[in-house]
Amino acid sequence: LGLADRKTDPVVMAPARVLAQWASIEAMSGMIDDAGVGGGGMEDSPSEGEESVHESVLLQREDNGSKRMLQAIASGQKVQRFATLQTLLKQEPESQKEHSLQKLEGEIQRHLQHFTEKILGLEKEEAVIAFLQNDFSVSLNANLKHVRHGVAPDCSRQIDPRIASKLGFYEELLWVLQQQAIYLSSLSTCLQDTSAEEVFYSIVRFLYRELTDHRTLYLLLAMIRLMVNKEVEHAKLLSEVFSWGSSRVARVFSNFALHEVHYKSVVHPIMQVSVRQRGHSSLLGCVIETFDRTGHIFALSKESYVETLRKLNVDLGKQADFNKVLPMFCDFISNQLIAAIRSTELPPNILSIFFSCVTEIKSRSFAE
């Protein structure tokens with residue numbers, strides 16, 4: 001009947017017990033080693049798509065086998081064969097190899113050294129804070145003694161209701177003048193006398209006083225650019241542009257450049273004698289160094305020269321030296337002073353105004 005030649009069905013329909021050695025680490029490692037072996041050499045070579053699918057299946061089998069081996073070692077099984085140990089070492093992740101661990105150890109040591117230095121430096125920082133606290137406490141206690149002698153502010157006086165009722169209109173007016181820069185820039189071209197100009201400068205100064213606010217700073221820069229445009233447009237000659245005696249732009253820009261927000265970036269590099277930028281002294285430092293080295297007194301006019309001699313208690317008979325010093329003064333201006341000015345780094349806000357002035361002058365195309 002052919003019963004002797006009957007083959008066993010390879011499909012397992014229900015789970016069954018297997019030999020214990022098949023669950024050992026050695027069996028798992030053998031499974032992983034055999035995972036890449038093909039089924040036979042007589043089969044046709046697979047296509048590219050079949051090869052990629054076959055490789056992904058093999059990689060998945062290797063990962064599953066590695067996880068099972070690690071779980072078996074964690075459960076207490078011992079490695080019996082050296083080949084199994086080699087297989088485990090080959091499957092070791094890159095992050096757990098010796099060079100990776102040494103690199104990680106170096107990073108941890110650097111972080112530890114950084115935190116250790118910060119902890120050791122806390123004593124110095126605490127000493128500074130303790131000194132400031134002590135200084136503040138002494139100053140506060142000294143001032144509290146005089147509080148009882150102070151005069152309380154008079155809060156009994158109230159604003160006239162008629163004035164208080166109009167403040168809302170002034171608030172709206174001032175907001176429009178600040179927000180719409182075209183109004184003040186147009187008004188700057190209509191001023192006729194000195195008193196009106198002083199009122200205009202005062203309004204601009206208080207409207208744009210808080211230049212630490214980016215919005216206020218942006219609005220002031222926009223108004224100055226519009227004033228530059230109108231002044232260049234109304235000027236007939238190039239010499240009339242930005243003249244100190246008649247230019248409103250020059251006054252507004254001067255107040256802007258010397259505002260307290262620019263003290264550190266503009267005033268200090270110019271007026272501090274100890275400041276040096278790019279190997280050059282400040283403007284005031286150049287004047288003092290030249291006077292100490294040569295002893296010459298520079299002035300823009302003979303009247304200023306005589307006035308300076310009088311203030312320094314110098315013999316007024318040296319008035320004739322004014323003409324002799326003029327060439328030296330020109331040399332000082334063209335060399336040392338210009339070099340000091342060029343070495344001064346101006347903030348971007350001031351440089352943007354300079355750029356707007358140059359652009360407007362070029363577009364105007366003056367005859368001279």
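Me: Is Arg248 buried or exposed in this model?

Reply: The model is a predicted one. Burial is read from relative accessible area, and a residue counts as buried under 20%. Arg248 has a relative accessible area of 14%, so Arg248 is buried.

Me: Where is Arg248 found, and which residues does Arg248 touch beyond four places away in sequence?

Reply: Arg248 belongs to helix H9, which spans residues 248–257. Leaving aside residues up to four places away in sequence, Arg248 touches Ser188, Leu191, Gln192, Glu197, Tyr201, Met227 and Glu231.

Me: Which backbone oxygen does the side chain of Arg248 reach?

Reply: A polar contact is read from a pair of N or O atoms within 3.5 Å. Here the Arg248 side chain reaches the backbone oxygen of Leu191, at 2.7 Å.

Me: How should Ser185 be read: is Ser185 buried or exposed?

Reply: The relative accessible area of Ser185 is 0%, so this residue is buried. Ser185 is found in helix H6, residues 181–187. A polar atom of the Ser185 side chain lies 2.9 Å from the backbone oxygen of Ile182. With residues up to four places away in sequence not counted, Ser185 touches Met223, Leu226, Met227 and Lys230. Met227 is thus listed among the residues touched by Ser185 and among those touched by Arg248.

Me: What does the protein look like in secondary structure, and what percentage of the residues count as buried?

Reply: The protein has 14 helices and two strands. Of its 368 residues, 23% count as buried. The accessible surface is about 28,300 Å², and carbon and sulfur atoms account for 58% of that area. Among contacts with a separation of 6 or more, 62% join residues 24 or more positions apart.

Me: How much space lies in the largest pocket, and which residues lie nearest its centre?

Reply: Rolling a probe the size of a water molecule over the atoms reveals where empty space is left. In this structure the largest pocket holds about 340 Å³ of space. Its lining consists of 18 residues, with Leu283, Leu284, Val287, Phe298 and Phe332 nearest the centre. Helix H10 (263–271), helix H11 (283–294) and helix H13 (321–343) are the elements that each give two or more residues to this lining.

Me: Which element gives the largest share of the lining of the largest pocket, and how do the lining residues divide into nonpolar, polar and charged?

Reply: H11 gives the largest share, with six residues. The lining divides into 15 nonpolar residues, three polar residues and no charged residues.

Conventions
Residues are numbered from 1 along each chain as its sequence is written. This is a predicted model: local features need pLDDT of at least 70, side-chain atom pairs count only at pLDDT 80 or more; totals for chains, interfaces and linings use all residues. Side-chain values use heavy atoms; hydrogens and water are left out. Helices (H or I, at least four residues) and strands (E, at least two) are DSSP runs, numbered from the N terminus. Buried means under 20% relative accessible area, exposed over 50%, partly exposed in between (1.4 Å probe, protein chains only). Contact means heavy atoms within 4.5 Å. Accessible areas come from the Shrake-Rupley method with a 1.4 Å probe; for residues, only the protein chains shown count as cover. A polar contact is a pair of N or O atoms within 3.5 Å; within protein, one must be able to donate a hydrogen and the other to accept it, and residues adjacent in sequence count only if both atoms are side-chain atoms. On a 1 Å grid over the protein atoms alone, a cavity is a set of points where a 1.4 Å probe fits but cannot get out, and a pocket is an open set with protein on both sides within 12 Å along at least five of seven lines; lining residues have an atom within 4 Å of a point. Grid points are joined across faces, edges and corners, and a volume is the space filled by probe spheres set on the points. Ala, Val, Leu, Ile, Met, Phe, Trp, Tyr, Cys and Pro count as nonpolar, Asp, Glu, Lys and Arg as charged, and the others, Gly among them, as polar.
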